[in-house]
Structures are given as structure tokens and as C-alpha cells.
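Biologist: Please take a close look at the largest nonpolar core of this chain. Which residues have the most contacts inside it, and which elements supply it?

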Amino acid sequence: MTLQFGVTRESQCGYLDEQQERLLVAVTDGNPPMSAALYEHLLSHGFRRSHNDVYRPYCRFCQACESLRVLADEFAPSRNQRRVINKNRDLTRKLVTEPGEDYAALFCDFIEQRHKDGAMYPPDPDSFWQWCACDWMQTQFVEWRDRDDQLVMVSVIDNLPNALSAMYTFFDATLAKRSLGTYSILQLIELCQQQNKAYLYLGYQIDACNKMNYKARFTPNERLIGNQWKKAVKSPTL
């Protein structure tokens, strides 16, 4: 297999208004095609995927994006995180490979309530499923339902040989007291532990972007800084 790399044109950064974004895109010669194992190798070097496209930031004047992964086998929830777990013990988790019929309504409501200023507004479920899907790897969905079998939350993940990679999570925005975003990450860490996977990848951390700072609360974690993984062990959440 031959890996080739290309660089995109610059465009407006979606996270930092004053910056221009540029991406390094990885492409195989197709014999064999990209695979889960190869993607995990690229993931460990700061890449992510969108549908079949595998990329990493390659900006000329900014290095704010840092890949972050939780060390699942070393993780233990903090006191506040244990409270979140206890608040959601009534929810049932299930792993599936196709979006359910009730996923679209929950996704649309989540985008309408939480992300009217984001790239996914206005919500288009069909485009979202396409963005999640992959021709060379099976996308998985983790769903949570309440005691009345009502869908409460969905996480889209890539299940890799030694890691899980969280792509996107959407949930019932009216249930703010449940802290569902935090709960989803705690559950995905637990799923890593149950499947003997070392890492949960959470995408890019940008310290100057407040929307992303929740990721650093899950420790121990590692950030990819200067092409080296640097470990953080102290959680700011007691």
C-alpha cells in the first residue's frame, strides 16, 4: 500500500475567527484500500475522518488544534463525574450499526436547540448519516433510552482494534440536569474498558475555544503536541 498526502486550500477556521484553516489529507492507492487498522495508525498521528476522507490540521500560522485521547485503562471517574453516572443509572445503553427511525428527530432538535451557529445548521439527517458512514469501516451508534424506551442520546463512534474514536454525540437538549454530554464520554470510556481498548479519542482540543474545553476534564489524557503525546494526569474536576 502507498499512502499519499495532499494539502487543501486555506479557508475560514470554524473554531477561531481570526485564523485560516488548511488540511493535510491522506489517500491510499486503493490496493488495498484504507482500513480500520491503518486509520487507527493515522489517528495516533493526529488524523481524523469525515466519511471516507482522512485528514489533520496543517495550518500555516496556527497550531491550536491538539488531538486528545483518554487513557481508558487508567481512568477513574472524579467525584462530580460519579454524580453524573448516578443521575443516569435509569438509562439503558445499546450498541447498533444502523441509525434508528427515531434518531433523525432527536438529531434535528439537538441542532436546533444547541448549534444554530454551527456548520450542521440547518440540520440535515441524511447528510449527517453520510458524514458518519464509511466504505472501509463499520460505523457504530451507541444509543441510550429511558425506562419508557424513549431515545435520550446517541453517540457515533469508530470501533478500532485498540481504541474507540468518538465522532459526534447528540441528545435531548431539554434534559440539561442529566449532564448527558459528560455521561456519554464516561460511558464510552467504560465501553473501552469492557472491550480492553487502551484509548478513547475525543477529537481536537483547542484551549481558546470554550466549546471544546470539556474534553480536558477526563484524565488521565494525552495531547498530541509537536507530534508527541504529552500526558496530563490532574483533573480540574474534583
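Modeller: A contact here means heavy atoms within 4.5 Å. With that cut-off in hand, take one residue of the core. In this predicted model, Val 70 touches Phe 75, Ile 189, Ala 198, Tyr 199, Leu 200, Leu 202, Phe 218, Pro 220 and Asn 221, leaving aside residues up to four places away in sequence.

Val 70 is one of the residues with the most contacts inside the largest nonpolar core, along with Tyr 103, Phe 128, Phe 170, Ile 189 and Leu 200. This core has 41 residues. At least two of its residues come from each of these elements: the strands β7 (66-71), β9 (139-145), β10 (151-160), β11 (163-171) and β12 (199-205), and the helices α3 (103-114), α4 (125-132) and α5 (180-194). The helix α5 gives the most, with 8 residues. Apart from this core lies another, of 15 residues, including Ala 26, Tyr 39, Cys 134 and Tyr 201.

In soluble globular proteins, nonpolar side chains tend to be buried together.

Now the setting of the core. The chain has 5 helices and 14 strands, and 45% of its 238 residues count as buried. Of the contacts with a separation of 6 or more, 64% are between residues 24 or more positions apart. A compact globule of 238 residues would have a radius of gyration near 18 Å, and the chain agrees, because its own value is 18 Å. Its C-alpha trace spans about 50 × 40 × 40 Å along the principal axes. On the outside, the accessible surface comes to about 12700 Å², with 47% of it belonging to carbon and sulfur atoms.

Terms used
Residues numbered from 1 in each chain as written. Predicted model: local features only at pLDDT ≥ 70, side-chain atom pairs only at ≥ 80, totals over all residues. Heavy atoms only, no water. Helix = DSSP H or I, 4+ residues; strand = E, 2+ residues; numbered from the N terminus. Rg over C-alpha atoms; globule rule 2.2 N^0.38 Å. Buried < 20%, exposed > 50% of the residue type's maximum accessible area, 1.4 Å probe, protein only. Areas by Shrake-Rupley, 256 points an atom, 1.4 Å probe, with all protein chains shown as cover. Core = buried A, V, L, I, M, F, W, Y, C linked by side-chain atoms within 4.5 Å.
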